[in-house]
Amino acid sequence: MGRETRAMQDDDATNPGMLWVLDGETLWRGKAGAAAKSCADCHGDAAASMKGVAARYPVFDSSRKALVDLDRRINLCRTERQQAPPLPSESRELLALGAYLGRQSRGMPIDIAVPEPAKPLLEAGRAAFQRRQGQLNLACAQCHDALAGEKLAGSAIPQAHPTGYPIYRLEWQGLGSLQRRLRNCMIGVRAEPYAYGAPEYLELEYYLMWRARGMRLETPAVRP
Amino acid sequence: MARTIVNVPATARRGEIITVKALVGHVMETGFRHNETGALIPRDIIRSFVCRYDGEEVFRADFHPAVAANPLIEFSTVAMQSGKLEFRWAGDNGFSAEASAAISVE
């Protein structure tokens, strides 16, 4: 990330992701669904109750025996507590709530718990990161571990630490999730991307966040 | 109404040059792109931005299709007196957004 992009990200007056954060704050306080409850009715002030939460996601949900990322958690809250329809992936509302929640943990170190039953899922994510795929027959690790810091065409190859999702990507002219970014890379190596919310994405998200443990959250980050 | 984020220093000395930042949420659809069926996506952009300082126009910009989505404008002006800076964006399809910020000048 260039110096100018970082300056844009670090100033709330110039970070376009803050437009979504403000939307998320409105949604947090707004009542939704048949239960006519807002997020704030249960969780109170997000600045206190949601501090550090985004840095812990995805989590392993022991009752579902599955990984749950922040978007899925928001939708579980909507369907179970608010009795409202789930928000579609990549919708402005879901991204706004994700950005608002992530913003409450900005600057906090990523801290992913790996309980015993989640270890196979973490290993599945690691295996996916190292598996060659697509017509170009490339693994994530070949670029993001072996060639990080080098160039792909004119662009720098980053180490693939998802520290700021949902991100405002200048190329997208808007906010997008980690899964959207993973789709981009999969299309880039000419592999068939998974559907949004697929368990394969969750395993990869889980592994990537675990791999970035200790790094500080930057949500909403700005990336080229 | 579109989201806006404006940033003006809360206080300034008389005669000081201040930096003003104004961000607005807008798709800035160029009018040159086509959708999946080949039909042209109609243009939807902001056309103009005006900043008034206590009623007096201090900055104006015309926008064109090449301007990015969620445009950020940063400019300088001279702090003359305590008062209000008013920002107004206007564009296609009757788009309009407003914001204001107060400055206190010593």
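**Exercise 1. Find out how strand E4 of chain B is placed.**

*Task.* How many of the eight residues of strand E4 (residues 46-53) of chain B are buried, and which strands pair with E4(B)?

*Solution.* Keep in mind as you work that this is a predicted model.

Step 1. Start with the cover. Six of the eight residues in E4(B) are buried, so the strand is mostly covered, taking buried to mean under 20% relative accessible area.

Step 2. Look to one partner. Strand E7 (residues 83-91) of chain B pairs with E4(B) through seven bridges, in the antiparallel sense. Two of the facing positions are easy to pick out: Ile46(B) is opposite Gly91(B), and Ser48(B) is opposite Ala90(B).

Step 3. Now take the other partner. Strand E5 (residues 56-62) of chain B is also antiparallel to E4(B), with six bridges between them. Here Cys51(B) faces Phe59(B).

Step 4. Finish at the turn. The hairpin of E4(B) and E5(B) has two residues between its strands, and Asp54(B) adopts a positive phi near 50 degrees there.

**Exercise 2. Put the sheet of chain B in order.**

*Task.* In what order do the five strands of the open sheet in chain B lie, and which two are the edge strands?

*Solution.*

Step 1. Reading across the sheet gives E2-E8-E7-E4-E5, with mixed pairing. Its edges are strand E2 (11-12) and E5 of chain B, each of which pairs on one side only.

Step 2. Follow the pairing from the E2 edge. E2(B) runs parallel to E8(B), and two bridges join them. Thr11(B), for example, sits opposite Ser104(B).

Step 3. Move one strand further. E8(B) and E7(B) are antiparallel and share eight bridges, with Phe87(B) opposite Ala99(B). Four residues lie between the strands of this hairpin, and among them Asn93(B) has a positive phi near 55 degrees.

**Exercise 3. Sort the side chains of strand E8 in chain B.**

*Task.* Which side chains of strand E8 (residues 96-105) of chain B are buried, and which are not?

*Solution.*

Step 1. Recall the pattern. In a regular strand, side chains alternate between the two faces of the sheet.

Step 2. Apply the pattern here. Ala97(B), Ala99(B), Ala101(B), Ile103(B) and Val105(B) share one face and are buried. Ser96(B), Glu98(B), Ser100(B), Ala102(B) and Ser104(B) point to the other face and are not buried.

**Exercise 4. Describe the surroundings of His26 in chain B.**

*Task.* Is His26(B) buried or exposed, and where is it found?

*Solution.*

Step 1. Place the residue. His26(B) belongs to the loop between strand E3 (17-24) and E4 of chain B.

Step 2. Check its accessibility. The value is 8%, so His26(B) counts as buried.

Step 3. List what surrounds it. Apart from neighbours within four places in sequence, His26(B) is in contact with residues including Asp44(B), Ile46(B), Asn70(B) and Phe95(B).

Step 4. Add a polar partner. A polar atom of the His26(B) side chain lies 2.9 Å from the backbone nitrogen of Met28(B).

**Exercise 5. Work out a small sheet in chain A.**

*Task.* Which strands of the E6-E5-E7 sheet in chain A stand at the edges?

*Solution.*

Step 1. Three strands make up this open sheet, in the order E6-E5-E7 (chain A) and with mixed pairing. Strand E6 (174-176) and strand E7 (222-223) of chain A each have a single partner strand, so one side of each lacks a neighbour in the sheet.

Step 2. Look at one pair. Strand E5 (residues 167-169) of chain A is antiparallel to E6(A) and joined to it by three bridges. The partner of Ile167(A) in E6(A) is Gly176(A).

**Exercise 6. Characterise the contact between chain A and chain B.**

*Task.* How many residues does each chain bring to the contact, and what area is buried?

*Solution.*

Step 1. Chain A brings 14 residues and chain B twelve. The buried area is about 1100 Å², with carbon and sulfur atoms giving 61% of it. Ala13(A), Leu19(A) and Gln173(A) supply 48% of what chain A buries against chain B, more than any other three residues.

Step 2. Turn to the polar links. Two salt bridges cross the interface. One of them joins the side chains of Asp23(A) and Arg3(B), at 2.5 Å from N to O. There are also six residue pairs in polar contact between the chains.

Step 3. Identify the source of the chain A side. Helix H2 (residues 17-29) of chain A gives the largest share, six residues. By type, the chain A side has seven nonpolar, four polar and three charged residues.

Conventions. Residues numbered from 1 in each chain as written. Chains lettered and ligands numbered in written order. Predicted model: local features only at pLDDT ≥ 70, side-chain atom pairs only at ≥ 80, totals over all residues. Heavy atoms only, no water. Contact = heavy atoms within 4.5 Å. Buried area = accessible area lost by both parts, 1.4 Å probe. Salt bridge = Lys/Arg side-chain N within 4 Å of Asp/Glu carboxyl O. Polar contact = N/O pair within 3.5 Å; in protein donor to acceptor, adjacent residues only side chain to side chain. Nonpolar A, V, L, I, M, F, W, Y, C, P; charged D, E, K, R; others polar. Buried < 20%, exposed > 50% of the residue type's maximum accessible area, 1.4 Å probe, protein only. Pairing = 2+ DSSP bridges.
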